[in-house]
Amino acid sequence: MSQIVYDALVIGSGAAGSFAVKELTAQGLSVLLLEAGPAVGPKDFDPARKKAPAGSINIWERARATVKGQPIQARAAFFSERFSHFFVNDRKNPYTTPREAPFLWIRGRQGGGRLHSFGRVLLRWTDEDFKIRSRTGKGVDWPISYDDLVPFYDEVESYLGLYGNKDNVPTLPDGVYARPASLTPAEQVFKQAVESRWPDRHVVSWRYIAPDAERMPRPLREAQATDRLTVRYNAVVRRITTDAQTGRATGAELIDRNTGKTSIARAAMVVLSASPIESVRLLLNSASAKHPGGLGNSSGALGRYFMDQLPCLAFGSFPGAKGWAPDESAPADPFYNPSGGIFIPRFGDADIARGDFNYQGSAGRAPVAEEADARLAFFGFGRMLPYADNRITLDARRKDAWNIAVPHIRCVMHEEEQALLRLQEETLIEMIEEVGGSLEFIGSPTGLKEMGKGAFPEAGAFSRFMFRKWFRKTMCMGAAIHETGGARMGETPKTSVLNPYNQLWDAPNLIVTDASAFPGSGIAGTTLTVMALTIRACRNLVDHYRAGQL
């Protein structure tokens, strides 16, 4: 049993955990970071893995990954064998769902978490997300507003050095950009066509970070340089330990991933940032006499109001532009493909098709012959409302490789989401066709719709058959990989798990800073908001710690 008592213990090293250790060590605290997976090094980014795809449908890559133990991870829409080692082994990390409601849980367990496999797009949310109840009568308001997060958004963007442009779009606030982001010639033509046809719609460039040449996320790297950070890799946390009298968090019980040895880590404060489903699972598994329903569950809200964004995927062509062009905004990376593309934010108030959805995509970035029509690709993200019956629970009948009960995930669209997803798809089809584009397919959890030549017309018959067969398993809930909720923040302990500063109402020396804290799903990526919330929550926690208020 460890005799060291750290100032803070951080669980998880992804978007939230890396910023937590940076902030806490910068404040002079001793910090222990527990990461369930291995450290990441140059060998994990071997340029030799960067191979041209064998075909437009990478069916054999997915098949090989399935055989090796990744039948769930291989269903991710943009899965590639190049990144397979940044996704978990599903046999060792199982979970369950209702038979009629599959959920795609895409996970990464290694130093840096999913920061090695996400799209690197960082977008601000707005009060249309944070104050949705006040504005629409739906969902629930957050206990904070956009103005509360602005200084932290600014800080994260300035620190990371984003590529982006000042677009002056009311529904997508501008941020702090270090370098401009470019559009391809095809995207410029597409932008002009859309904005001239619909004045309340905007086509802007991605706002993103380039791959880190050092490979380890910068905040984690800088925290290590302080000599105040201790990192334990391959440390699978089983539960958070608590004091029997006060109910406060005291540390964590962990299992060595390779040896199976169990130990206890101790700290005055705990930052839980293991990703939404995993963090909720840990809190539920940390039940005690003081916390019989799970740590932080006095309200009964723990695990409830779980959401993901509504996904739809579309591919096609754009005869208005020919060929393709590389984007040289950011330096070329020997392992990653270039970033960049177009983003169509939530439409303006005057647009008749306005809805709580947006689209991220590209035009003219996929290599084709010089005289061929430019290729189009879009992924749509729609809002999901919080429902108490969409929840994460523990399935005691199933255990993972470390004998820990697995999560049972229920995430089901209600009539509201079904209608919104139909509008989301219909609007994208109409918009592309109106500007002269031609879709080959569009699909979502409601199914696959093929048009014209059908999906991937240049692919072989077998690949097309397997694509159609697997599509429903690929484009189900979870495919957006923007899951939120389960430990939501709120104004009162009667209806929420966390206070407005991400502190557990039932144990205020513990904060949860990943997207499980979100009261609403939003429609843009969660990563930038997670980073901003983490800085804000850690500073508040340290202030209380130094004042002796924990």
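Colour the protein by secondary structure: 11 helices and 19 strands appear, where helices (H or I, at least four residues) and strands (E, at least two) are DSSP runs, numbered from the N terminus. This is a predicted model, in which local features need pLDDT of at least 70 and side-chain atom pairs count only at pLDDT 80 or more, while totals for chains, interfaces and linings use all residues. Residues are numbered from 1 along each chain as its sequence is written, and side-chain values use heavy atoms, with hydrogens and water left out.

Zoom out to the whole chain. The radius of gyration is 23 Å, close to the 24 Å that the globule rule gives for 550 residues, so the protein is as compact as a globular protein of that length. The radius is taken over C-alpha atoms, and the rule is 2.2 Å times the number of residues to the power 0.38. Along its principal axes the C-alpha trace spans about 70 × 50 × 45 Å. Of the 550 residues, 61% count as buried (under 20% relative accessible area, with over 50% exposed and partly exposed in between; 1.4 Å probe, protein chains only).

Next, select residues 276–284, helix α8. Nine of its nine residues are buried, so α8 is largely enclosed by the rest of the structure. Among them are E278 and R281, together with I277, V280 and L282. Now add the strands that the buried residues of α8 pack against: β1 (5–11), β7 (235–242), β9 (262–272), β14 (392–399), β15 (405–409) and β19 (507–512). Contact here means heavy atoms within 4.5 Å.

Then show the aromatic side chains. The structure holds 33 aromatic pairs. Rings of Phe, Tyr and Trp (its six-membered ring) pair if their centres lie within 6.5 Å; planes under 30 degrees apart count as stacked, over 60 as edge-to-face and the rest as tilted.

Select F79 and F87. Their ring centres are 5.5 Å apart and their planes at 55°, so this pair is tilted. F79 is buried, with a relative accessible area of 2%, and F87 is buried at 13%.

Move to F315 and F441, a stacked pair with 5.5 Å centre to centre and 10° between the planes. F315 lies in strand β10 (residues 310–322) and F441 in strand β16 (residues 438–444), so the pair ties together parts that are 126 residues apart in sequence. Both are buried: F315 has a relative accessible area of 18%, and F441 has 0%.

For the last stop, select F45, F83, F86, F335 and Y336, which ring pairs link into a cluster.
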